[in-house]
Amino acid sequence: MCTGRCSRFVAIALYPLALISIICNIVLFFPGGDVQYAKDGHITEEVKYMGGLVGGGLMVLLPALFIHVTGKQGCCGNRCGMFLSIAFAAVGVVGALYSFAVAVLGLQNGPLCRVLLIWGTPFKGRDQSYLSDSTWWGTCTEPKDIVQFHIGLFATLLATSILEAVLCAVQMINGLFGCLCGTCKKEVI
């Protein structure tokens, strides 16, 4: 596969991943599909870091657009364009790593929920992980099914950020080859 075609493949794979990250982060602001929790400030702290929106979303989407253009024939499908794609892909790696770190923290600390009459993060700082022991999930009385909601969306952010980081790293290597060797355009004689 030539470097231009590889760039297009990487970019096309990054688009849905960035979109998934953005959607997951936005949905995390509305636990149980209710706006009231966001209005009252009862949102898990890691959601406010916007790892999915900024890191896995925008910081990956913008490089994906440039990488896609780099892979096409024309002005950007040259050695200079491939060199710039290395820098853009590095921005994508940084964004994916930020999203990864926030997702890990979100999963480690657990959701903000009501325990009896007090709002807090009951799973934060415990010796045992709530992820492996579902009997603790009943500790959270409100929002309904917040633990499953929290785990599902943060795990999705975790998986998408890993894939984004791998694809952006592949593009960095691909961009280096494209910069050194060219984009292997077919020329008609």
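Is valine 170 buried, partly exposed or exposed, and what is its relative accessible area? Valine 170 is partly exposed, at a relative accessible area of 35%. For scale, buried means under 20% relative accessible area, exposed over 50%, and partly exposed in between (1.4 Å probe, protein chains only). Everything below comes from a predicted model, where local features need pLDDT of at least 70, side-chain atom pairs count only at pLDDT 80 or more, and totals for chains, interfaces and linings use all residues. Residues are numbered from 1 along each chain as its sequence is written, and side-chain values use heavy atoms, with hydrogens and water left out.

**View A. A nonpolar patch on the surface takes in valine 170.** Valine 170 sits in helix 6. Together with Phe100, Val104, Ile162 and Val166, Val170 makes a nonpolar surface patch of about 360 Å². Areas here come from the Shrake-Rupley method with a 1.4 Å probe, and for residues only the protein chains shown count as cover. To join a patch, a residue needs over 30% relative accessible area and no salt bridge; nonpolar side chains (Val, Leu, Ile, Met, Phe, Trp, Tyr) are joined within 5 Å, and like charges within 9 Å. Helix 5 (79-109) and helix 6 each chip in at least two residues, with helix 6 giving the most, three. Helices (H or I, at least four residues) and strands (E, at least two) are DSSP runs, numbered from the N terminus.

**View B. The largest nonpolar core has 19 residues.** In soluble globular proteins, nonpolar side chains tend to be buried together. A nonpolar core, as used here, is a set of buried Ala, Val, Leu, Ile, Met, Phe, Trp, Tyr and Cys residues joined through side-chain atoms within 4.5 Å. The members that touch the most others are Leu28, Phe123, Tyr130, Cys140, Val147, Phe154 and Leu157. Helix 1, helix 5 and helix 6 are the elements that give two or more residues to this core. Helix 6 gives the most here, with six residues.

**View C. Cysteine 113 and cysteine 140 make the one disulfide in the structure.** A disulfide is a covalent bond between the sulfur atoms of two cysteines; the cut-off used is a pair of cysteine sulfur atoms within 2.5 Å. The sulfurs of cysteine 113 and cysteine 140 are 2.0 Å apart, and the link is left-handed, with -55 degrees about the S-S bond. Cysteine 113 belongs to strand 1 (residues 113-115) and cysteine 140 to the loop between strand 2 (118-120) and helix 6 (146-181), so the bond ties together parts 27 residues apart in sequence. Cysteine 113 is buried at 0% relative accessible area, and cysteine 140 is buried at 10%.

**View D. Cysteine 24 has no sulfur partner within bonding reach.** The closest cysteine sulfur to that of cysteine 24 is in cysteine 168, 17 Å away, which is too far for a bond. Cysteine 24 is buried, at 6% relative accessibility. Cysteine 168 is buried too, with a relative accessible area of 0%.

**View E. Serine 7 reaches glutamine 171 through a polar contact.** Serine 7 is in helix 1 (residues 3-28) and is buried, at 0% relative accessibility. The contact between the two side chains spans 3.3 Å. A polar contact is a pair of N or O atoms within 3.5 Å; within protein, one must be able to donate a hydrogen and the other to accept it, and residues adjacent in sequence count only if both atoms are side-chain atoms.

**View F. Three salt bridges turn up in the model.** The rule asks for a side-chain nitrogen of Lys or Arg within 4 Å of a carboxyl oxygen of Asp or Glu.

- Glutamate 142 pairs with arginine 114, the closest N and O atoms being 3.1 Å apart. This pair links distant parts of the chain, 28 residues apart: glutamate 142 in the loop between strand 2 and helix 6, arginine 114 in strand 1. Glutamate 142 is partly exposed at 24%, and arginine 114 is partly exposed at 27%.
- Glutamate 45 meets lysine 48 at 3.8 Å, N to O. The two are three residues apart in helix 3 (residues 45-48), so about one helical turn separates them. Glutamate 45 is partly exposed at 41%, as is lysine 48 at 40%.
- Aspartate 145 meets lysine 144 at 3.3 Å, N to O. Aspartate 145 is partly exposed at 44%, whereas lysine 144 is exposed at 68%.
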